[in-house]
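Colleague: I am new to this protein and would love a close look at one part of it. Could you pick a spot on the chain and then show me how the rest is built around it?

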Amino acid sequence: MKNLKLIPVLLTSVFLTSCGVGSVDCGANSAVFGLAFCETGKPNIWSKYAGTYIRCRNLWETYSSGNNSLSIESSKEKILEKYIFKLAGDNQANVDFTQDYFENNNCSGAPFASLKLSSPILLNYKNTSITPALLNFDRASKIQNLSIEFATANIPKITQSLSGPKLIKGCYNSLDNAGNVQASVCESNTTSEASSGEVAFYLTGENLFPLSYSNSVWQSEPYYSGYIKQQ
């Protein structure tokens, strides 16, 4: 399994501001007499990220190159990854993460295994910056200057639990074309200690890209087109 990646959402905080004295029209709020207050939302740069993002990917992939071409062998099994964003506080969000494993090529039907986290991850918005970044769609991808949101991820002590009806002796083994075990999915209750660190994200249209800092540039995972917002 690949490492957990984080996606941020920021809560639009609501505060009270004076509307004056006398009978006041507060829109959907009731008109009142005396000192009146209306709920007003702060502008929130993270509102465009709000929602759930998903992608259906291969359980495993292997790449080989030769004669200036790239060949890929991949599993018949797929993983549906889902990030669920819930507003938590001023400039914060709780993010939950799940994985469902399927024995088909489109992440449909009943999964043979599922991974869940024991608690969400808390994100705190830091800043937005136009930064050189690489979206690794293919070998021809080039570095671009992109408007990227940065955040601090505060990860509590988390247990990752994996279970499913088709695991044999606690595991599911995926074979390559030669019949060898290429990857194993096993039941577990793995606990990670609390930690924190900087994370970065780029959103274009309905596609979201978690980015990691590698080779002196922020970049996405190779050979995939990001997470799609679920309608």
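Modeller: Happy to, and let us begin with Lys169, which counts as exposed because its relative accessibility is 85%, over the 50% that the term requires. Please keep in mind that this is a predicted model. Lys169 sits in the loop between β11 and β12 (171-175). Its backbone deserves a glance too: the phi of Lys169 is near 50°, a positive value in a residue other than glycine. Most residues other than glycine have a negative phi.

Cys107 makes a good companion to Lys169. The phi of Cys107 is near 55°, again positive in a residue that is not glycine. Cys107 belongs to the loop between β7 and β8. Cys107 is buried, because its relative accessible area is 13%, under the 20% cut-off.

From that loop we can step into the two strands beside it. Strand β7 covers residues 92-102, and eight of its 11 residues are buried, so it is largely enclosed by the rest of the structure. β7 pairs with strand β8 (residues 113-117) in the antiparallel sense, over four bridges. To find this pairing on your screen, look for Asp100, which stands opposite Ser114 in β8. β7 also pairs with β9 in the antiparallel sense, again over four bridges; there, Ala93 has Leu123 of β9 as its bridge partner.

Following the pairing onward, strand β9 (residues 121-134) runs antiparallel to strand β10 (residues 144-155), with 11 bridges between them. Ala133 and Gln144 of β10 are bridge partners. Next, β10 is joined to strand β15 (residues 195-204) by seven bridges, and these two run antiparallel as well. Here Ile155 is placed opposite Ser195 in β15.

Now for what lies between the strands. The largest nonpolar core has 31 residues, and Tyr49, Tyr53, Tyr101, Ala113 and Val185 touch the most other members. Elements giving two or more residues to this core include the β7, β8, β9, β10 and β15 we have just visited, as well as β11 (158-163), the strand on one side of the Lys169 loop. β6 (78-89) and β13 (181-186) also give two or more residues to this core. Apart from it lies another core, of 10 residues, among them Ile148, Ala200, Tyr202 and Trp218.

Ala113 is worth zooming in on. Leaving aside residues up to four places away in sequence, Ala113 touches Gln99, Asp100, Tyr101, Leu162, Ser163, Gly164, Leu167 and Val185.

Back at the surface, Tyr63, Leu70, Ile72 and Tyr223 form a nonpolar patch, with about 330 Å² of accessible area together. Tyr223 is in the loop between β17 (217-219) and β18 (227-229), and it is partly exposed, with a relative accessible area of 30%.

Finally, step back to the whole chain. Its secondary structure comes to 18 strands and zero helices. Of the 231 residues, 35% are buried. The chain exposes about 12,800 Å², and carbon and sulfur atoms supply 50% of that area. Among contacts between residues at least 6 apart in sequence, 61% join residues at least 24 apart.

Note on methods
Residues numbered from 1 in each chain as written. Predicted model: local features only at pLDDT ≥ 70, side-chain atom pairs only at ≥ 80, totals over all residues. Heavy atoms only, no water. Patch = residues over 30% accessible without salt bridge, like charges linked within 9 Å, V, L, I, M, F, W, Y side chains within 5 Å. Areas by Shrake-Rupley, 256 points an atom, 1.4 Å probe, with all protein chains shown as cover. Salt bridge = Lys/Arg side-chain N within 4 Å of Asp/Glu carboxyl O. Buried < 20%, exposed > 50% of the residue type's maximum accessible area, 1.4 Å probe, protein only. Pairing = 2+ DSSP bridges. Contact = heavy atoms within 4.5 Å. Core = buried A, V, L, I, M, F, W, Y, C linked by side-chain atoms within 4.5 Å.
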